[in-house]
Every structure is written in C-alpha cells, then in structure tokens.
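Thanks, everyone. I'll keep this short. Please look at the screen.

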Amino acid sequence: MTASKAPVRGRWTARQLRALPVTVDVETAGSVLGMGLWKARQMVRAGEFPVPVVKHGARYVVPTRPLLTLLGIAPVDEGAEAS
C-alpha cells in the first residue's frame, strides 16, 4: 500500500485487509495489528511477532493469510474472484 492510501494504524477494514498482497512488509503487518514500526521490528527480532515472519534476503515479509486468520477475517475465496 502506498503511504497516502494506508489506513491509520490499527484502523483497517476487512475489505482493505482482504485487498492486501500475499505478503506484506513488517511495517504494514504491524499497522494491521495496531503497533508502530519500532515495536513490530522489536517483536520480529525477538521471535515474538504473533504471526509467522519470513526472512527474505536482508528484509522480512509477513504472509497475509495468517494476519487475516489472527483477526478472524475470512480471506477472499480465490474461486469467487474468477467469476
């Protein structure tokens, strides 16, 4: 998401969450969970982030589906998108 379109930290709608790509950066994942970048990075480094985090080269990415599951939001059914 671009900075101009990103929701205020912790104020994401289900529709906005379902529109996220397959993976997001730590900043976006932290925002979804209502935390700032510093806290999100601290939790990743400590291995305490509440969803899986994948190290990809020098950066970390967070799969979106576990974020949706944690928040109790059903992901969009891939088959429904094609119709």
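Let's start with the core. This is a predicted model. Its largest nonpolar core has 17 residues. Those with the most contacts inside this core are L17, L20, V24, A29, F49, V62 and L67. Which helices supply at least two residues each? Helix 2, at 26-32, is one of them. Helix 3, at 37-45, and helix 4, at 64-70, do so too. As general background, nonpolar side chains in soluble globular proteins tend to be buried together.

Next, the sheet. It is open and has 3 strands. The order is 1-3-2, and the pairing is antiparallel. So much for the order; now the edges. Strand 1, residues 23-25, is an edge strand, and strand 2, residues 54-56, is the other. Each of these two pairs on one side only. From one strand to the next, the twist averages 45°.

Now look at how strand 1 meets strand 3. Strand 3 covers residues 59-63, and 3 bridges join it to strand 1. The two run antiparallel. Find T23: opposite it, in strand 3, stands P63.

One last residue: T28. Where does T28 lie? In helix 2. Is T28 buried or exposed? T28 has 15% relative accessibility. The cut-off for buried is under 20%, so T28 counts as buried. What does its side chain contact? The side chain of T28 makes a polar contact with the side chain of D25, at 2.6 Å. Leaving aside residues up to four places away in sequence, T28 touches W12 and L20. We met L20 earlier, among the core residues with the most contacts.

Terms used: Residues numbered from 1 in each chain as written. Predicted model: local features only at pLDDT ≥ 70, side-chain atom pairs only at ≥ 80, totals over all residues. Heavy atoms only, no water. Pairing = 2+ DSSP bridges. Helix = DSSP H or I, 4+ residues; strand = E, 2+ residues; numbered from the N terminus. Axes fitted to C-alpha atoms, helices over the stretch in contact; angles between N-to-C directions. Core = buried A, V, L, I, M, F, W, Y, C linked by side-chain atoms within 4.5 Å. Buried < 20%, exposed > 50% of the residue type's maximum accessible area, 1.4 Å probe, protein only. Polar contact = N/O pair within 3.5 Å; in protein donor to acceptor, adjacent residues only side chain to side chain. Contact = heavy atoms within 4.5 Å.
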